[in-house]
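Colleague: I would like to understand how the descriptive words for a structure follow from its values. Could we go through them one at a time?

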Protein chains: 2
Amino acid sequence: MHSLVAEIVCVGDEILMGRTLDTNSNWLSKRLYQIGAKIRRITVVGDELQEISSVISEVCSRKTNWLIITGGLGPTYDDKTLQGLALAAGRSLRFDEEAMKMVNESIRRRGLVYKGDEQSIYEGRKKMATIPEGSRPLPNPVGTAPAVLIKIQETNVVSLPGVPEEMRAIFDSSVLTLLSSSEVNVRSVDVVVYGIPEAAMAGMISELVEKYPDIYIKSHPAGHEKVSKVVVQFTGREKYAEKVDEAVSLFRDWLDKRKASYELVV
Amino acid sequence: MHSLVAEIVCVGDEILMGRTLDTNSNWLSKRLYQIGAKIRRITVVGDELQEISSVISEVCSRKTNWLIITGGLGPTYDDKTLQGLALAAGRSLRFDEEAMKMVNESIRRRGLVYKGDEQSIYEGRKKMATIPEGSRPLPNPVGTAPAVLIKIQETNVVSLPGVPEEMRAIFDSSVLTLLSSSEVNVRSVDVVVYGIPEAAMAGMISELVEKYPDIYIKSHPAGHEKVSKVVVQFTGREKYAEKVDEAVSLFRDWLDKRKASYELVV
């Protein structure tokens, strides 16, 4: 059903320690799904060079089309994503003039004034502009660290900052365009069923799944107050839109026979 | 620093499609961190048998001590975690009387009444009680599907339901006790620094990291309104509590010299 396979890797000890709830991968999943990509895996790793490099190599060895990485692009010693990326790509890190221009412009634009150790600040900026050979910096419209685009084997790898506003801004301003050649639309209908538990619909749903191999059909339990509530999702690419409607209609017939109460959300 | 290494695997297409925000792994990370475990990775995979089985095998091949899986234990065709677990363990699935007793007791206890296809409902219950050979069911105090405990090579694997209340209840009632032999306490101090950006503290923090190898020291940017706000975390196991306090005290001296404003959160 999907031609474009993507994976997401989030880098950050703070996620593994439970300090930070990762919302980036949820946001990215939605965006990628909307343009018709299938997400195969989401992986969170800590700020360890070897671990970052290993997970990137694993994703590329699965011949993933796009890998989106978030986190670990900051100015400090524990931000190691670009080192890990260089190691996985078998390239060196090099200071990039274009990236440094992006860093300086961003600081000027936002009128930031720093106090503290001048040398540390300069080192931090230089670090953010030191990127793997053969990679390309992407501008960060709201923060300082540029994103980085690099191809490793067959995989296009984009490394985004972990700060959600920066990650989102760069994705929408740069990455979506890069992905847009593979853009497809989907048709999605939810049938919300009250009073019939998921297990009692399993037989019927299995039949529909078999009958419509191009359509994604799945039940999601959505609570159980007085009566059970189950959302049954029907999703297909635009070219299968009629099939989606046909499957929904068969399912509604089945529900009507059982005098079930339900509503459609398109 | 850590003796107990854990990983988390979340199973569910709904997470990969961005329909559901995974909060389970954040909750589990906190709990595991509190008892002194180091989380190496969190991986989300879809409801695909081969993918579930592969990720479990990968975790075990890393000699992880504990693997906590969430999701995919329900009654329907697309809940495939136990199949994947059996495949990774090289075992068959078998109907388990004790698990079936747990399923039936849970339905009786909650006074659930189902309408719908009787046969489907029975099949669903039987499925939830069909677990890998050599595994042990763990009671679910709030839902229907029992959890499952199995050892694969050197890894203790616990498979929990994806519904957060059920996952939490089983973890606290059964899994914590299993883990308790490795229980340790930690001392953690946060220094919240205002007006000094992360980059300007990087040099000092690097020195502290080198000086105190047993202490986890990390800066977390926490916003930038009028002045920057950075949380610097100092965490160590109970036996290193004095070292934690010593490192915090050195850091405060450094801040005081710069007339920085900060507060301590213990």
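Colleague: What makes β6(B) and strand β7 of chain B, residues 147-152, a pair, and in which sense do they run?

Modeller: In this predicted model, β6(B) and β7(B) are joined by three bridges in the antiparallel sense, and since two strands pair if there are at least two bridges between them, they qualify. Within this pairing, B:Leu138 stands opposite B:Ala147 of β7(B).

Colleague: Where does this pair sit in the sheet as a whole, and what is the order of the strands?

Modeller: The sheet is an open one of 12 strands, with the order β6(A)-β7(A)-β8(A)-β3(A)-β1(A)-β2(A)-β2(B)-β1(B)-β3(B)-β8(B)-β7(B)-β6(B) and mixed pairing. Its edge strands are β6 (136-138) of chain A and β6 (136-138) of chain B. Neighbouring strands are turned against each other by 20 degrees on average, if direction is ignored.

Colleague: What makes β6 of chain A and β6 of chain B edge strands?

Modeller: Each of these two strands pairs on one side only.

Colleague: How do you know that β2(A) and β2(B) pair, and how many bridges do they have?

Modeller: β2(A) and β2(B) have five bridges in the antiparallel sense, and the cut-off is at least two, so they count as paired. As one example of residues facing each other here, A:Ile42 stands opposite B:Val44 in β2(B).

Colleague: How many residues does each chain bring to the contact between chain A and chain B?

Modeller: Chain B gives 41 residues and chain A gives 42 residues. On the side of chain B, the elements that give two or more residues include α2 (24-34), β2 (38-45) and β10 (216-224) of chain B. The residues of that side of chain B divide into 17 nonpolar, 15 polar and nine charged.

Colleague: Which helices of chain A pack on the sheet, and at what angles do they run to its strands?

Modeller: Helix α3 of chain A, residues 49-61, touches β1, β2, β3, β7 and β8 of chain A, and its direction makes about 175 degrees with that of β1(A). Because angles over 145 degrees count as roughly antiparallel, α3(A) is roughly antiparallel to β1(A). Helix α4 of chain A, residues 81-89, lies across β1, β3, β7 and β8 of chain A and runs at about 15 degrees to β7(A), which is under the limit of 35 degrees and therefore roughly parallel.

Colleague: Why are α3(A) and α4(A) called oblique to each other?

Modeller: Their axes come within 8 Å and cross at roughly 50 degrees. That value is neither under 35 nor over 145 degrees, nor in the range of 65 to 115, and the rest count as oblique, so α3(A) and α4(A) are oblique to each other. The crossing is right-handed. Among the residues that make the contact are A:Leu49, A:Ile52 and A:Ile56 of α3(A), with A:Leu85, A:Leu87 and A:Ala88 of α4(A). By class, this contact has six nonpolar, five polar and no charged residues.

Colleague: What makes α3(B) oblique to α4(B) in chain B?

Modeller: Helix α3 (residues 49-61) and helix α4 (residues 81-89) of chain B pack at about 50 degrees, with their axes 8 Å apart. This angle is what makes α3(B) oblique to α4(B), and their crossing is right-handed.

Key: Residues numbered from 1 in each chain as written. Chains lettered and ligands numbered in written order. Predicted model: local features only at pLDDT ≥ 70, side-chain atom pairs only at ≥ 80, totals over all residues. Helix = DSSP H or I, 4+ residues; strand = E, 2+ residues; numbered from the N terminus. Axes fitted to C-alpha atoms, helices over the stretch in contact; angles between N-to-C directions. Contact = placed C-beta atoms within 7 Å. Left-handed = near helix turned anticlockwise from the far one by under 90°. Nonpolar A, V, L, I, M, F, W, Y, C, P; charged D, E, K, R; others polar.
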